[in-house]
Amino acid sequence: MQAFLHQLLSGIADGAIYASVALALVMIFKATHQVNFAQGEMAMFSTYIALALTQAGVPYWVAFVLTLVFSFVLGLAIQRLLLRRLSRLPHASELTAVVVFIGLFIIFNGAAGSLFGYTLKEFPTPFDPGAWYGSTYLSSHEVGMILMTLIVLGIVFVFFRFTRLGLAMRAAAENPASSRLVGIRVGWMLALGWGLAAGLGAVAGMMAAHKVFLDPNMMSGVLLYGLAAALLGGIDNPWGAPIGGFIVGALVNLAGAYVVGSHLQQALALLVIVVVLVFKPSGLFGRTVVVRV
Amino acid sequence: MSGLLVLEDVDASYGATTVLRGVSLEVADGGMVALLGANGAGKTTTLRAICNMGVKTRGGIRFAGKCIGRTSTEDIVRLGIGHVPEGRGTFMSLSVDENLRLGALRRRDAGIAGDIARICDYFPVLRDRMDQQAGTLSGGEQQMLAIARALMSRPRLLLLDEPSFGLAPVLVQDIFRILRVINKEERMSILLVEQNARLAFDLVGQVFLLETGRVVASGPPQQIAADETVRRAYLGQ
């Protein structure tokens, strides 16, 4: 029983990371109907920036905030300088975007490798390094990971629900033509969405790196779990995605420990993706917008 | 010409397809004007040309004395033009309240809550549905919401693209009655695009008739209605 609880809670802690990545994917999907395959690699690259900062003697939380700013600007710049131009090409299609995302994936992966090396690197945690108040179930870092994710999700929720800018971003994602008529700069809202998504990814990266160590391939598995989480929660539903993250975290960890073994955990994520797409494409919490004509 | 909105010899095209050819029309300050014509005559394109919405235009478009031909769609609302688009442009998954607040997004003053209350006096049904998802409203309610959303920007000129489309006659009469009140009480100028000529005749002071991208007749509604050729060709009489 104790071992089971440990696996469950540890899985939920991992789920916090998948939740952030899933929300980042959903944010971009809602606005563009595209899945950013480079989301994880961008997060990994951001984490290297955070590591470089802390190694240069910058205190953890200052490095944390600076990394968020860096990621935000990076995401914004990718949308403004690259994707915006691409969408204006006369023959741009869904596949164009997919190819570009794969390209970004390879670029960030390669850039991180050549700039920072391929060896595993230890990444600091701002939380107490040991067990959580003598708990046998969770480390302080894992508890911190969960809390951090909940706080970030709360901030994102308040931003989208209660601010004018958040409302404008939701409107732009839903109805660009109508948004322009009320004065919303739709292009900038998209770019802002990319910036926020990159920031969310960076939080996930920095939290994950302490647990699994930092290397250029750290986030490839996480992206897969994040995608499974987003689909499970409902890729169109920003509130379902994080819940999907926690579920996938727990599921993968438990199944890895008791059923399929650790080598098949990623295959399990793929299975989740396939099952959701076949049986319930809108996900567990996906809402179909009710429309009366 | 010195009206609030003046179009002078305007051409408009989508890519290689020219839709409007030399359209000139005018909406006086406080005036109410109908733009009539059959399907495909270029009515919607005229409104899009004014708002620079995905059409390429040539010629003079002036609003309140300023040339707005190059002004981006996002900035048009700031100048004081509220556009109720074809198909109503409802933000389906957002609440009625959020739809209304979006209309006032570019405003920075403190009167927004007051305006929501005031506009709901025109459309009481919206008041009861404030927190409802806008996509669940009926067609007529969505049309009212679209007009209310445009009013939230406190425009000087309201562009309406077929507000009667797909609605029951009794609802249309209701909406037209409210438009008359808004025009009178708020001195808001209105440019109304309609297919239903007879309805529009009762409402407006000036009519422009479009045919395949050209203005073929204009004048007060009585004059247009009396014109034998116009009646036969466009009013089915």
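## Exercises on chain B of a predicted model

Strand 1 of chain B pairs with strand 4 (residues 56–63) of chain B in the antiparallel sense, over 7 bridges. Residues are numbered from 1 along each chain as its sequence is written, and chains are lettered from A in the order in which they are written. The model is predicted: local features need pLDDT of at least 70, side-chain atom pairs count only at pLDDT 80 or more, and totals for chains, interfaces and linings use all residues.

**Exercise 1.** Determine which residues of strands 2 and 4 of chain B stand opposite Leu7(B) and Glu8(B).

*Solution.*
1. Strands (DSSP runs of E, at least two residues, numbered from the N terminus) pair if DSSP finds at least two bridges between them.
2. Strand 1 (residues 5–14) and strand 2 (residues 17–27) of chain B are antiparallel partners over 7 bridges. Here Leu7(B) faces Leu25(B) of strand 2.
3. In strand 4 of chain B, Gly60(B) is the bridge partner of Glu8(B).
4. Strands 1 and 2 of chain B form a hairpin with 2 residues between them, and Gly15(B) in the turn has a positive phi of about 55°.

**Exercise 2.** Establish how the buried and exposed residues of helix 7 of chain B are arranged.

*Solution.*
1. Helices are DSSP runs of H or I, at least four residues. Helix 7 (residues 169–185) of chain B has 17 residues and reaches 24 Å from its first C-alpha to its last, close to the expected 24 Å (1.5 Å times one less than the number of residues).
2. A residue is buried if 20 or more other C-beta atoms, placed from the backbone, lie within 10 Å of its own, exposed if 12 or fewer, and partly exposed in between. The buried residues of this helix are Ile175(B), Phe176(B), Leu179(B) and Asn183(B).
3. Seen down the axis of helix 7 of chain B, these buried residues fall within an arc of 100° (taken over the directions from the axis to the C-beta atoms), so they line one face of the helix.
4. The face turned away from the buried side carries the exposed residues Val170(B), Arg177(B), Val181(B), Lys184(B) and Glu185(B).
5. Among the elements covering the buried residues are strand 3 (32–37) and helix 6 (139–151) of chain B.
6. Arg187(B), with a positive phi near 50°, follows helix 7 of chain B.

**Exercise 3.** State how many helices and strands chain B has, and what share of its residues is buried.

*Solution.*
1. Chain B has 10 helices and 10 strands.
2. Of its 237 residues, 46% count as buried.

Methods. Two residues are in contact if their C-beta atoms, placed from the backbone, lie within 7 Å.
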